[in-house]
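Visitor: Please take me on a close look at the empty spaces inside this model. I am new here, so a word on what lies around them would help too.

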Amino acid sequence: MRGAILHTLGQDLTVETLEPLPPGPRDVIVEVGASSICHTDLSLRNGMFPAMFSGAMIGGHECAGTVVEVGDNVTRVSVGDRVVATFRPACGTCPSCLRDRSHLCTAIGGLMQRPRAKRADGSHAAAMSGIGTFSDVVTCDEASVVRVESSLPDSHLALLGCGMTTGVGAALFTAGVEPGSTVAVVGCGGVGQSVIQGASVAGAARIIAVDPVASKRELAQTLGATDTIDPTTEAADVQVRDLLHGNGVDYAFDVVGVAKIVASTYRMIDRGGMLVLVGYGPMDSEFRVPAFDLQSQEKIVKGCVAGSAQVRRHLQLFIDLIESGRLNTGALVSQEVALDDINVAMQAMLSGEVIRSVVTSFG
Ligand SMILES: [Zn+2]
Ligand SMILES: [Zn+2]
């Protein structure tokens, strides 16, 4: 197998020939058709989440492919099934999964640490999010894969492993956007564009896309945004209130994670409104909320992981919405790349011109 290894925080990944470690009885082996590059891959590499890195690991956390082998105790998938590997497992038996909160599944900690491949020097590599998708083969716990039925290519399905599910789910499930409501989305990368699409499916009357990059604002308008704002011209929250005749929005989604921007996004919400924190900031970042305003205006500040989606039923719902043309995955796939170009592709995301690069060639 070949895989891209993150061996030192702050440094490029290295593409290496690896020897897969033998699978356990609950493990599945997936031949990867496509693996998408998410902004979190870059953040992890740059050291924003030091607690997630305990030594060499295969990078990547969203992919689609085909099951080629299953352990003796695997019950959810069979050889030949098409699957999406998700960055949050859904074990089905932990307290969170039993309460219909599989996005908060507690199995993740143990799976992240498990060694999955041997490197040329004999040392072991773990797998990011327990899956490590920057590889032609993924060995993971069956909790991390979801069987899907679809005619879509793997390059589109891969986005359901993290970005698209997080964004669409943030609108539909974390916030519960209602028909006729007003929405602002701050940060229009792959996840932000998916929030816009989710809010559109939910029937929001106004969807305001906020991003400094013109091409992202233009794309947002093709995916359901009714208005766009360039935050570099004037404070974004001031512009939002100008658009709404002095009112705030019912739902504001922060898909950036920078404290100063989060504070501005909070100021966008109306009385009774909700701020949803979708973007990851550094693990030690904090932001201040004006307590009297929060209490007296009955505002809500809510976290969001994996779009609060229950992947075992919602991934197929998302696929049905994509296949019927109500969600657009193709618009988010900017380019297909080879595994050997992984570092170039990760860097291209920073420029803002690339929404998603998808690795489809591993040779
Ligand atoms: Zn991601
Ligand atoms: Zn669980």
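**Enclosed spaces and their surroundings**

Guide: Three cavities of 30 Å³ or more are found here, a cavity being a set of points on a 1 Å grid over the protein atoms alone where a 1.4 Å probe fits but cannot get out. This is a predicted model, in which local features need pLDDT of at least 70 and side-chain atom pairs count only at pLDDT 80 or more, while totals for chains, interfaces and linings use all residues. Residues are numbered from 1 along each chain as its sequence is written, chains are lettered from A and ligands numbered from 1 in the order in which they are written, and side-chain values use heavy atoms, with hydrogens and water left out.

Let's begin with the largest cavity, whose volume is about 70 Å³, counted as the space filled by probe spheres set on the grid points. Its lining holds 13 residues, and those nearest the centre are Thr-86, Phe-87, Arg-88, Ala-306 and Val-311; lining residues have an atom within 4 Å of a point. Sorted by type, that lining has seven nonpolar residues, five polar and one charged.

The second largest cavity takes up about 60 Å³. Around this space you will find Met-1, Pro-20, Ile-58, Arg-116, Ala-127, Ile-131, Gly-132, Val-137, Val-138 and Thr-139. Strand E10 (137-141) is the biggest contributor to this lining, with three residues; strands here are DSSP runs of at least two residues, helices of at least four. This lining splits into seven nonpolar, two polar and one charged.

E10 also appears in the largest nonpolar core, among the elements that give two or more residues to it. That core is a set of 33 residues, joined through side-chain atoms within 4.5 Å. Inside it, Ile-37, Val-145 and Ile-342 have the most contacts. Helix H12 (342-351) supplies the largest share, four residues. Strand E4 (27-36), helix H1 (39-45) and strand E6 (63-70) are also among the contributors, and they lead us to a metal site.

The zinc ion (ligand 1) has Cys-38 (SG), His-61 (NE2) and Cys-162 (SG) as its protein donors, at 2.0 to 2.2 Å; a donor is an N, O or S atom within 2.8 Å of the metal, and the site may look incomplete because water is not among the atoms. Along the chain these residues follow the spacing C-x22-H-x100-C. Cys-38 sits in the loop between E4 and H1, and His-61 in the loop between strand E5 (57-58) and E6, so the pair ties together parts 23 residues apart in sequence. Cys-38 counts as buried because its relative accessibility is 3%, where buried means under 20%. His-61 is buried as well, at 2%.

What holds the zinc ion (ligand 2)? Its donors are Cys-91 (SG), Cys-94 (SG), Cys-97 (SG) and Cys-105 (SG), at 2.3 to 2.4 Å. The angles among these four donor atoms run from 103 to 115°, making the site tetrahedral, a label that asks for all angles between 85 and 135 degrees. In sequence the donors read C-x2-C-x2-C-x7-C. Within this group, Cys-94 lies in the loop between strand E7 (82-85) and helix H2 (95-98), and Cys-105 in the loop between H2 and helix H3 (108-113), eleven residues apart. Both Cys-94 and Cys-105 are buried. E7 also gives two or more residues to the largest nonpolar core.

Terms used:
Donors are N, O and S atoms within 2.8 Å of the metal (3.2 Å for Na, K and Ca); water is not among the atoms, so sites may look incomplete. Four donors count as tetrahedral if all angles lie between 85 and 135 degrees; four count as square planar and six as octahedral if opposite donors are over 155 degrees apart and all others between 65 and 115; anything else is irregular. Buried means under 20% relative accessible area, exposed over 50%, partly exposed in between (1.4 Å probe, protein chains only). On a 1 Å grid over the protein atoms alone, a cavity is a set of points where a 1.4 Å probe fits but cannot get out, and a pocket is an open set with protein on both sides within 12 Å along at least five of seven lines; lining residues have an atom within 4 Å of a point. Ala, Val, Leu, Ile, Met, Phe, Trp, Tyr, Cys and Pro count as nonpolar, Asp, Glu, Lys and Arg as charged, and the others, Gly among them, as polar.
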